[in-house]
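Student: Please pick one part of this model and take me through it closely. I would like a connected account rather than a list.

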Amino acid sequence: MIPCGVWSGRKGLITLSSWPVSFWEAQFQQWLELGVGRAARDEAHSHGWGSSFLAVFSTAWSLTPGRGRGFLKGSSRDVTKSNVLFSPLSSGGYWISFFLHRYRKLPHCHYPVSFQDCLSATIHFLKTSQLYGVDPSRIVVSGDSIGGGAVAFVTQTLVGRTDIPKLRAQILIYPIVQGINLQLPSFQQNKDLPVLTRDIMIICFCQYLRIDLSWKDALLKGSCIPDHIWEKYKKWLSSDNLPERFRHKDYQPEIHAPFNEAAYLETRHIFEVANAPLIADDQIISQLPEALIVTCEWDILRDDGLLYKKRLEDQGVPVTWFHIEDGFHGCTLLFDSMLFHFPCTKQLMNATVKYLRGI
């Protein structure tokens with residue numbers, strides 16, 4: 001297990017709009033084979049909070065991660081995981097602050113609540129980072145799965161803002177950045193593989209966007225996509241944009257079912273850029289901060305990451321790409337597991353830490 005530190009320092013509570021944010025500031029005082037963040041975890045559990053959080057590496061890096069899990073699940077135990085994951089960055093004895101914001105989740109809250117919560121927390125921290133001894137020019141946003149989609153949404157939304165510091169970089173770990181083309185090779189190849197099967201993904205997707213599951217087939221077969229919209233966006237959504245190696249021998253090219261206007265009217269918000277950052281205008285994409293994009297071979301969302309990588313690169317945004325050949329969706333959840341060990345989790349961790357050290 002990666003050595004971690006002991007919590008010390010201060011904690012507090014602030015409020016963003018109508019929801020609370022707790023923070024803990026700690027220093028790595030000694031190395032222990034213990035998961036830290038226990039005080040933070042227990043405190044948050046006493047309030048029954050779910051959590052997305054901001055991990056601040058003072059005098060070094062500020063990292064603002066968003067957790068995935070389809071906005072269905074998330075807990076303060078993720079603080080412990082994040083602390084273990086990024087403890088190699090703390091070898092210099094940096095001060096670290098964790099912000100746990102009570103993001104609102106399914107089934108009680110739907111689009112656009114969770115993304116807006118992530119945006120509000122990020123803006124607040126960008127405005128106040130110096131209060132915690134953080135260099136505002138060295139702030140990185142990070143997220144995995146739907147959290148990666150939140151990162152894309154946040155970075156795009158902040159383009160052009162002059163009242164807050166610019167983000168230094170973004171880290172997207174097997175992100176979901178569109179729900180329009182569900183016939184990509186990775187959707188076909190990995191539709192039945194855990195942790196994220198196609199059925200689970202569709203349920204989470206429809207729940208968040210308030211789309212009735214009766215429209216599942218229309219989403220999967222593309223009958224909800226008008227011809228003029230596909231013609232406009234296929235240059236970014238089509239599997240033709242993927243490297244040949246990711247189009248496996250059994251892949252069936254996109255063939256959309258006949259257009260169903262009723263299906264389109266019930267699902268048309270999937271074409272909003274907030275829900276599909278992949279189709280943002282070139283003018284927005286070109287102004288985004290540099291990125292680390294992590295994809296996994298055995299992940300239904302693999303091709304989302306690859307398509308977003310191409311979009312950024314086509315607009316001159318520097319991209320560091322790390323592909324894990326034996327990786328699968330959700331592998332970050334298991335990197336400190338006592339029962340299971342997967343080499344891909346360590347590869348992902350090392351790639352992320354190496355990237356942060358290099359920028």
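**A strand and the helix after it**

Tutor: Let's start with a charged pair: E290 forms a salt bridge with R168, and their closest N and O atoms are 2.9 Å apart. (A salt bridge here is a side-chain nitrogen of Lys or Arg within 4 Å of a carboxyl oxygen of Asp or Glu.) The two partners come from distant parts of the chain, 122 residues apart: E290 belongs to strand β8, while R168 sits in the loop between α4 (146–157) and β7. Helices (H or I, at least four residues) and strands (E, at least two) are DSSP runs numbered from the N terminus. R168 counts as partly exposed, at 28% relative accessibility; buried means under 20% relative accessible area, exposed over 50%, and partly exposed in between, with a 1.4 Å probe and protein chains only.

Before going further, a word on what you are looking at. This is a predicted model, in which local features need pLDDT of at least 70 and side-chain atom pairs count only at pLDDT 80 or more, while totals for chains, interfaces and linings use all residues. Residues are numbered from 1 along each chain as its sequence is written, and side-chain values use heavy atoms, leaving out hydrogens and water.

Now to the strand that carries E290. Strand β8 covers residues 290–298, and seven of its nine residues are buried. On one side, β8 pairs with strand β7 (residues 169–173) in the parallel sense over five bridges, where pairing requires that DSSP find at least two bridges between the strands. β8 also pairs with strand β9 (residues 319–328), again in the parallel sense, over seven bridges. You can follow a row of residues across these strands: L172 stands opposite I293 in β8, and I293 in turn stands opposite W321 in β9. To get from β8 to β9, the chain passes through helix α11 (residues 302–314), and this β-α-β crossover is right-handed. In other words, with the strands pointing away from the viewer, the path from the first strand over the helix to the second runs clockwise.

Let's follow that path into helix α11. E297, R302 and D303 are linked in a network of salt bridges. Next comes D304, also placed in helix α11. D304 is buried yet has no salt bridge, and the nearest side chain of opposite charge, R302, is 9.3 Å away. For that count, Lys and Arg are positive and Asp and Glu negative, with His and the chain ends not counted. Leaving aside neighbours within four places in sequence, D304 is in contact (heavy atoms within 4.5 Å) with P175, I176, V177, Q178, L184 and F187.

Further along helix α11, charged side chains do find partners. K310 and D314 meet in a salt bridge, 2.8 Å from N to O. These two are four residues apart in helix α11, so about one helical turn separates them. K310 counts as partly exposed, since its relative accessibility is 28%. R311 reaches out of the helix instead: R311 forms a salt bridge with D282, with the closest N and O atoms 2.3 Å apart. Because R311 lies in helix α11 and D282 in helix α10 (residues 282–285), the pair ties together parts that are 29 residues apart in sequence. The two ends of this bridge have their own surroundings: R311 is buried at 4% relative accessibility, whereas D282 is partly exposed, with a relative accessible area of 33%.

One more link between separate stretches of chain deserves a look. D192 is found in the loop between α5 (185–189) and α6 (198–209). D192 is exposed, with a relative accessible area of 60%. Its C-alpha atom is 8.7 Å from that of I300, although the two are 108 residues apart along the chain.

Finally, here is the wider setting. The protein has twelve helices and nine strands, and the structure holds eleven salt bridges. Of its 359 residues, 57% count as buried. Among contacts with a separation of 6 or more, residues 24 or more positions apart account for 79%. The salt bridge we began with, joining E290 and R168 across 122 residues, is one such link between distant parts of the chain.
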